[in-house]
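The exercises below are meant to be worked with the sequence and the model open side by side. Try each task before reading the solution that follows it.

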Amino acid sequence: MNENPDTQARQIMDNLTLYYGPKKKFIAICAGTGCRASGSLKVKEALEAELKKQNLSEVDVLATGCLGFCEKGPMLVVHPDKYFYQHVKVEDVPEIISKTVARGEVISRLLYRHPETKKTLFREEDLPFYKKQCRVVFGQNGMIDPARIEDYFAINGYQALGKVLAEMTPEQVISEVKKAGLRGRGGGGFHAAVKWEGVRRAHGDPKYVIANGDEGDPGAYMDRSLMEGNPHSVIEGMIIGAYAVGSKQGYIYVRNEYPLAVTHLSIAIEAAREMGLLGKNILGTDFSFDIQITKGAGAFVCGESSALFASVEGRAGEPRAKYVHAVEKGLYDKPTVLNNVETWANVPLIINKGADWYNTIGTEGSKGTKIFSLVGKINNTGLIEVPMGTTLYEIIYDMGGGIPNGKKFKAVQTGGPSGGCIPESLLDIPVDFDKLYEVGSMMGSGGMIVMDETSCMVDVARYFLEFLKEESCGKCVPCREGVRRMSDILEDICAGKGREGDVEILEAMGKAIADGSLCALGGSAPNPVLSTIRYFREEYDAHIREHRCPAGVCKALIAYSIDAEKCTGCGVCVKVCATQAITGEKKKAHSIDKDKCTRCGACIQSCKFDAIKVK
Amino acid sequence: MTKPIGVAAKTRQIVKKHGGGKSAMIAVLQDIQETFNYLPKEALKAAARAMNVPMSRVYEAATFYTAFSLKPRGKHVVKICKGTACHVRGAAILQDRFETTLGIKPGGTTKDGKFSLETVNCVGACALGPVVVINADYHGQVTISKVDKIIKKINEEGAKS
């Protein structure tokens, strides 16, 4: 390789960083999907209009990707003071500009108030939700408008690429990533550098590099937020990976349900091409690489590597047996590196800061950080990034703020349909790839769904099996038929038709399906059932032996009634009841006709006096 | 005024736009669905011819992926998120409400062609659960009374136009 153009690559990036960055005065308003749903785009427009009106046009407004604390949206951060405002409405905008932006004063009503101490907290990093986080990957979201490549330059974007092209051989890149111990964030936890090495060594041309953005695990949305909020970090990681393995063509496979991610990735790819970061002779070197986006069409199994390849090739996404691994025969039977979106986003960081730095974060076997989506029955819902090894307790209670409405914690579900439910007794375990596996769950792509005493664990198992039954591609018998039969048994148990011995059948079938299935979907499909049996056997027994759903979820096993002491006779429930099951005189306690009642829950949601009881 | 272009001709344009290769199958089907709101039989036949693949190959992809519909869909597509986070926060209750109010099951379309009901495995807005996406609008923390309001609003808008 010619040396001059390579050193030049570094120089070009240094100049770009100097030219664009770092910004001083700006407002970062979250425009992730969650905050958009809460109306953040209108606030953004209002901010821009108001800045103009108050002659402060030099202040930039960044419509950023997800800032994580989705519960509090729309939210914004005013730089350089970094004041954090939550639930911002259009009406608040003039005051934000005239006070906070122009004079640096805070508006206390928009600040976050600590739920226990009742103290107002000024900055993002003061909030309990953010305090213990380590947002080395995800934190960049708050500094950039994903549609503007110059914002990414301003935070040292593409510096890692410059460094790699100018100073490192492909082997050095692989060895650095290996030293960092980067493991796949998509769920499996396979060492990324081992894959890269395999593809580099494999015979076959062309070689492909793919980012798996088919985030199918229900309850997980961190990949979405990275693709939407910081697409260049994924692209930069892929370019570095392509250089390391010797690939010229890359693909990003994005879920059909993520239109904004597709838009931002397309803008980012186009901008990177224009800047000479993608395409022929990247940054003047003789390395060429380009990326194409492929959209999924709603099939969970396409997150599996061989099914994903089939889908990119335009076929039905059915997995195949992996006698030969993807590093040798992947997409179009050519050597292929497939890594998850979050894994790719970690690569520039490792190159920029070095493997030694990366090794200071995390546990013995799992290095770096992991982004989790903390959702379900929890006070602070949103996305968090924590060092590997943080305990579940810290995540749920310190960052998540515990369970709402004074309810009791029951379980946390990790790993999506391949994972399991972890009970309270295990909340002290440090979260990393190996520990979660040990307790019968898995890391998965990072969904953490918190459940309280009103969640039925049998129903949760039934839910996942129903999901997997629909999503099984149907190619191999153990998964297609076995999952269906397990699902039937769970349906029966939830309907009060469970029989003694069902649990044992479920366990035996679970083992057979795990052993006999072709791909990881079937191989891990029994996990939600097996883990709930392991930790919540008594709930299964209550359903089967006593025809009772202790959590009050399974419709066939519960009845609604009205607590005469609490009922004020306001009549709201009568209006919402779709089957006219509730009757009663005004201002007197009402009653429910159990035969007409479909237990739809409408009355419970509408009752302000907590008068409807479930038994 | 230009002559309205037929289903087959439009399909051929879509195939051409994607280069005609069979690896573009899913992208082609997505564009067909975007254009016609579903996958008309005529379009699938035309696509098979234009891409030079057997009809079975097109049908395989069209029926494998849940995003595709072989039946015409309603003007407003209601997608109920059934992700885990939405499930534990009561998505099933909302589904019940939509089913009873609209009188259709997931996959169905109301007789007047106004609503289609679908379920999605996860729309990735988990913090706002339970979530319902109508056309391209995300509705977060949906309750039964919100469901009633949403349906009412769409019906009223329909009456005006």
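## Exercise 1: a buried helix

Task: list the buried residues of helix 13 of chain A in this predicted model, and find what they pack against.

Solution. Begin with the residues themselves: Ser305(A), Ser306(A), Ala307(A), Leu308(A), Phe309(A), Ala310(A), Ser311(A) and Val312(A) are the buried residues of helix 13 of chain A. The next step is to set this against the extent of the helix, which runs over residues 305-312 and is mostly covered, with eight of its eight residues buried. A residue counts as buried here if 20 or more other C-beta atoms lie within 10 Å of its own. Turning to the partners, the buried residues pack against strand 7 (208-213), strand 8 (249-254), strand 9 (290-295) and strand 10 (336-340) of chain A, and also against helix 2 (25-36) of chain B. Finally, follow the backbone just past the end of helix 13 of chain A, where Gly314(A) adopts a positive phi of about 90°.

## Exercise 2: the side of chain B that touches chain A

Task: state how many residues of each chain are in contact, and describe the side contributed by chain B.

Solution. The count comes first: 47 residues of chain A are in contact with 40 residues of chain B. On the chain B side, at least two residues each are supplied by helix 2, helix 4 (55-64), helix 5 (84-88), helix 6 (91-102) and helix 7 (144-160) of chain B. Sorting the residues of that side by character then gives 21 nonpolar, 14 polar and five charged.

## Exercise 3: a hairpin

Task: determine how strand 11 and strand 12 of chain A are paired, and why strand 12 can be called largely enclosed.

Solution. Strand 11 (residues 369-376) of chain A pairs with strand 12 of chain A in the antiparallel sense, over six bridges. The two strands form a hairpin, with five residues between them. To place one position in this pairing, note that Ile371(A) stands opposite Glu385(A) in strand 12 of chain A. As for the enclosure, six of the six residues of strand 12 (residues 382-387) of chain A are buried, and the strand is therefore largely enclosed by the rest of the structure.

## Exercise 4: chain A as a whole

Task: decide whether the radius of gyration of chain A agrees or disagrees with that of a compact globule.

Solution. A compact globule of 615 residues would have a radius of gyration near 25 Å, and because chain A has 26 Å, the two agree. Along the principal axes, the C-alpha atoms of chain A fill a box of roughly 85 × 65 × 40 Å. Of the 615 residues of chain A, 56% count as buried.

Definitions and conventions
Residues numbered from 1 in each chain as written. Chains lettered and ligands numbered in written order. Predicted model: local features only at pLDDT ≥ 70, side-chain atom pairs only at ≥ 80, totals over all residues. Rg over C-alpha atoms; globule rule 2.2 N^0.38 Å. Buried ≥ 20, exposed ≤ 12 C-beta atoms within 10 Å, placed from the backbone. Helix = DSSP H or I, 4+ residues; strand = E, 2+ residues; numbered from the N terminus. Contact = placed C-beta atoms within 7 Å. Nonpolar A, V, L, I, M, F, W, Y, C, P; charged D, E, K, R; others polar. Pairing = 2+ DSSP bridges.
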